[in-house]
Amino acid sequence: MKKRVLSGIQPTGRLHLGNLIGAIENWVKLQDKYDCYFFIADLHALTTIYDDPKNLRDDIQQATIDLLSSGLDPKKCVIFKQSDMPEHSELHLLFSMVIPVPWLERVPTYKSKIDELKGKDLGTYGFLGYPVLQAADILIYKADLVPVGKDQLPHIELTREVARRFNQFYGEVLPEPDDLLTKFPVLPGLDGRKMSKSYGNTIAISDKPEVIIKKVSTMVTDPARVKKTDKGHPEVCSVHQFYKVFAQDRTDRVAKECRAAERGCVACKKELGQLLVDYLGPIHQRRLEFERDPAKIKKILSDGAERARLVAGKTLKEAKQAMGLI
Ligand code: TRP
Ligand code: SF4
């Protein structure tokens, strides 16, 4: 029996290179080894964009196209959209009966996200319950492994606590999942901070070649390097970090030339821009095909939901039985 893997990604804006490197490429590998369930976490996206969801429909569609174009294959894994699965929401509600509010206030991402998005009112019921919904996403499939980045570890820990508490009250229904920590160097954004939608410093997977090249030309480099004749420090430069991730074979040469002031930043970024365009070339090619065929995307998601329901429906029934509802 293959172990079951589950993970989700939020369609808050277009998916970007950080998502590709940190999550999607890893999922593409996992689908060959495990019984995989991957989904678009559109309800989670609503916890932070509830006041302005005008792009949500389009972002969900584009995120689905990104996943498929990057190599997720509906023949190898189950791909679906969270809101197509009311089972998640129902289990979330059942969990809300037993989860102490202080557990949620203590989750480190709760305060850090509020700080990150200051100016936005995140004092909502839904946002506080974000990790409860995530626990429902995971436990409803009785997932063995949850591939996530380091920032998500507290949510997986909370998921285990939710499972334990549920099982203590109602009997052994929900197995505790393990995290499958994705190790990859954090991809910086255009401004040198972590690449993230909320910082507006991303390169989207769906960005056109000319946009990519233009964005790369605005990247921050070694701040101590003012003139081309100044020797550079690649270890502090985001552009160099990108070479490390996308073109390992060029990193040593780039670093050496940079340190010796034999390479200018403009040329260095030009080379990187073209490199990213080439890297994304096959993905962009497949994107075109999916964009021409929205009916196919719709079918993939509805088939995915149908397959997901076979597992989710069963777990929900067990949970309701355990709680005395049926
Ligand atoms: N919270 C995750 C993130 O922002 C997305 C997510 C939602 C998720 N539900 C999940 C990840 C379940 C793993 C399992 O990255
Ligand atoms: Fe960064 Fe390249 Fe400029 Fe060196 S030459 S500082 S690696 S952009």
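## Exercises on a predicted model

A polar side-chain atom of glutamine 134 sits 3.0 Å from a nitrogen atom of ligand 1. Keep in mind that this is a predicted model. Let's work outward from that contact.

**Exercise 1. Describe the surroundings of ligand 1.**

*Solution.* Start with the polar contacts. Besides glutamine 134, the side chain of glutamine 10 places an N or O atom 3.0 Å from an oxygen atom of ligand 1. Glutamine 152 has a side-chain N or O atom 3.0 Å from a nitrogen atom of the ligand. With these contacts in place, look at the cover: on its own, ligand 1 has 370 Å² of accessible area, and the protein covers 89% of that.

Next, list the neighbours. There are 14 residues around ligand 1, and those that come nearest are Gln10, Tyr130, Gln134, Asp137 and Gln152. Sorted by character, the shell holds seven nonpolar residues, six polar ones and one charged.

Finally, trace the shell to its elements. At least two residues each come from β1 (4-9), α8 (130-139) and β4 (145-148). Of the contributors, α8 gives the largest share, with four residues.

**Exercise 2. Classify the ring pair of phenylalanine 246 and tyrosine 279, and say which parts of the chain the pair joins.**

*Solution.* The whole structure contains 11 aromatic pairs. In this one, the ring centres are 4.9 Å apart and the planes meet at 85°, so the geometry is edge-to-face; the cut-off for that class is over 60 degrees.

Now place the two residues. Phenylalanine 246 belongs to helix α11 (residues 238-246) and tyrosine 279 to helix α13 (residues 265-291), so the pair ties together parts 33 residues apart in sequence.

Then check each partner's accessibility. Phenylalanine 246 counts as buried, at 8% relative accessibility. Tyrosine 279, at 27%, counts as partly exposed.

**Exercise 3. Find which residues form a ring cluster, and which charged side chain lies over a tyrosine.**

*Solution.* For the cluster, follow the ring pairs: they link Tyr37, Phe39, Phe80 and Tyr141. For the charge, turn to arginine 193, which lies over the face of tyrosine 199 at 4.0 Å from the ring centre.

**Exercise 4. Is lysine 120 buried or partly exposed, and where is it found?**

*Solution.* Begin with location: lysine 120 is in the loop between α6 (108-116) and α7 (125-128). Its relative accessible area is 26%, so lysine 120 is partly exposed. To finish, compare sequence with space: lysine 120 and aspartate 51 are 69 residues apart in sequence, while their C-alpha atoms are 9.0 Å apart.

Definitions and conventions. Residues are numbered from 1 along each chain as its sequence is written. Chains are lettered from A and ligands numbered from 1 in the order in which they are written. This is a predicted model: local features need pLDDT of at least 70, side-chain atom pairs count only at pLDDT 80 or more; totals for chains, interfaces and linings use all residues. Side-chain values use heavy atoms; hydrogens and water are left out. Rings of Phe, Tyr and Trp (its six-membered ring) pair if their centres lie within 6.5 Å; planes under 30 degrees apart count as stacked, over 60 as edge-to-face and the rest as tilted. Buried means under 20% relative accessible area, exposed over 50%, partly exposed in between (1.4 Å probe, protein chains only). A charge sits over a ring if NZ of Lys or CZ of Arg is within 6 Å of the ring centre and within 35 degrees of the ring normal. A residue is near a molecule or strand if one of its heavy atoms lies within 4 Å of it. A polar contact is a pair of N or O atoms within 3.5 Å; within protein, one must be able to donate a hydrogen and the other to accept it, and residues adjacent in sequence count only if both atoms are side-chain atoms. Accessible areas come from the Shrake-Rupley method with a 1.4 Å probe; for residues, only the protein chains shown count as cover. Ala, Val, Leu, Ile, Met, Phe, Trp, Tyr, Cys and Pro count as nonpolar, Asp, Glu, Lys and Arg as charged, and the others, Gly among them, as polar.
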